[in-house]
Amino acid sequence: MKIFQSSLCLYCHSPIRESAGWANIFFLEEADLLCLACRSRLISIQGNTCVICCKPLQTGDKCPDCEEWLVDPMFGQALDYNVSLYTYNPFMKDVIARFKYRGDYELARIFAAELRKKAPKAHFVIPIPLSDERLNERGFNQAVAIGMMAGMVLENGLVRVHGEKQSKKSRYDRIHTEQVFRIHPKASDFQDKTILILDDIYTTGTTLRHAGALLKEAGAKRIISLTIAR
Ligand SMILES: [Zn+2]
Ligand SMILES: [Zn+2]
């Protein structure tokens with residue numbers, strides 16, 4: 001029985017006061033893993049957003065970046081749309097830094113409930129892979145951790161063939177000539193399937209589009225991405 005136990009906030013480690021509602025007592029609601037102060041610093045992305053990348057917009061339905069991607073012959077159709085949970089504000093930046101670079105693996109649990117709620121339906125969930133070098137350095141893949149904590153069944157669909165470090169080529173050359181991934185030799189059949197790509201942050205959307213283009217080449221019909229922040 002956990003009712004009378006006070007748990008600690010996964011971020012600031014202060015005690016979480018359980019609200020005494022009946023829902024909590026009967027475990028109908030999942031207990032929060034963050035204190036109220038920390039929870040309030042996670043800002044959900046809501047309101048009018050770009051229909052492709054989920055960026056908050058004042059007006060219109062697509063952001064200028066996505067308009068530009070759409071006319072790209074190689075990557076224009078690589079990503080159908082992206083769903084991001086929270087704004088990449090300073091708090092989120094710190095949460096992700098602690099989680100990803102300082103190995104606080106446990107922190108991925110704070111996103112689990114929201115991920116399960118917002119994840120679009122798909123035949124396969126593929127986490128963006130790290131290079132072997134980076135995986136050894138960090139000890140875990142953040143996208144895999146996020147998916148596992150949310151209880152998702154993950155498909156080992158992609159292998160990273162190129163290091164994560166940015167090269168000195170121009171943005172256009174980097175995006176259009178560098179092969180970032182290949183299909184995993186033991187991947188499932190993606191023919192006509194909807195694939196959900198999982199990553200921690202949506203920044204430029206380049207990585208997700210590289211993965212999406214390759215998966216579409218392998219037969220996938222629809223590519224959706226899901227990220228914690230953007
Ligand atoms: Zn806290
Ligand atoms: Zn957009």
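A metal donor here is an N, O or S atom within 2.8 Å of the metal, the limit that applies to zinc sites such as those below. The model is predicted.

## Zinc ion (ligand 2)

The zinc ion (ligand 2) is held by C50, C53, C63 and C66. Each contributes its SG atom, at 2.3 to 2.4 Å. What is the geometry? The angles subtended by the four donor atoms run from 102 to 117° at ligand 1 and from 103 to 119° at ligand 2. Four donors count as tetrahedral if all angles lie between 85 and 135 degrees, so the arrangement around the zinc ion (ligand 2) is tetrahedral. Ideal angles for four tetrahedral donors are 109.5 degrees.

Along the chain, the donors of ligand 2 are spaced C-x2-C-x9-C-x2-C. C50 sits in the loop between α2 and α3, while C66 belongs to helix α3, so this pair ties together parts 16 residues apart in sequence. Are these two cysteines buried or exposed? C50 has 3% relative accessibility, so it counts as buried. C66 is also buried, because its relative accessible area is 1%.

## Zinc ion (ligand 1)

The protein donors of the zinc ion (ligand 1) are the SG atoms of C9, C12, C35 and C38. They lie 2.3 to 2.4 Å from the ion. With angles of 102 to 117°, the arrangement here is tetrahedral. The spacing of these donors reads C-x2-C-x22-C-x2-C. One pair among them links distant parts of the chain. C9 is in the segment before α1 (22-25), and C35 is in the loop between α1 and α2 (36-40), 26 residues apart. C9 is buried, because its relative accessible area is 0%. C35, at 9%, counts as buried too.

The two sites are set out below.

| Site | Donors (SG) | Distance | Angles |
|---|---|---|---|
| Zinc ion (ligand 1) | C9, C12, C35, C38 | 2.3 to 2.4 Å | 102 to 117° |
| Zinc ion (ligand 2) | C50, C53, C63, C66 | 2.3 to 2.4 Å | 103 to 119° |

## Cavity

How many cavities of 30 Å³ or more does the structure hold? It holds one. The largest cavity has a volume of about 30 Å³. Its lining consists of I52, C66, W69, L70, G76, L79 and R209. C66 therefore has two roles in this report: it lines the cavity and is a donor to the zinc ion (ligand 2). Helix α3 (residues 64-70) supplies the largest share of the lining, three residues. By type, the lining residues divide into five nonpolar, one polar and one charged.

## Backbone and a buried glutamine

Two residues that are not glycine have a positive phi. H13, in the segment before α1, has a phi of about 65°. C54, in the loop between α2 and α3, has a phi of about 80°. C54 is also buried, because its relative accessibility is 10% and the cut-off for buried is under 20%.

Q142 is part of helix α7 (residues 142-149). Its relative accessibility is 5%, so Q142 counts as buried. Which side chain does Q142 contact? The side chain of R138 makes a polar contact of 2.8 Å with that of Q142.

Definitions and conventions:
Residues are numbered from 1 along each chain as its sequence is written. Chains are lettered from A and ligands numbered from 1 in the order in which they are written. This is a predicted model: local features need pLDDT of at least 70, side-chain atom pairs count only at pLDDT 80 or more; totals for chains, interfaces and linings use all residues. Side-chain values use heavy atoms; hydrogens and water are left out. On a 1 Å grid over the protein atoms alone, a cavity is a set of points where a 1.4 Å probe fits but cannot get out, and a pocket is an open set with protein on both sides within 12 Å along at least five of seven lines; lining residues have an atom within 4 Å of a point. Grid points are joined across faces, edges and corners, and a volume is the space filled by probe spheres set on the points. Helices (H or I, at least four residues) and strands (E, at least two) are DSSP runs, numbered from the N terminus. Ala, Val, Leu, Ile, Met, Phe, Trp, Tyr, Cys and Pro count as nonpolar, Asp, Glu, Lys and Arg as charged, and the others, Gly among them, as polar. Donors are N, O and S atoms within 2.8 Å of the metal (3.2 Å for Na, K and Ca); water is not among the atoms, so sites may look incomplete. Four donors count as tetrahedral if all angles lie between 85 and 135 degrees; four count as square planar and six as octahedral if opposite donors are over 155 degrees apart and all others between 65 and 115; anything else is irregular. Buried means under 20% relative accessible area, exposed over 50%, partly exposed in between (1.4 Å probe, protein chains only). A polar contact is a pair of N or O atoms within 3.5 Å; within protein, one must be able to donate a hydrogen and the other to accept it, and residues adjacent in sequence count only if both atoms are side-chain atoms.
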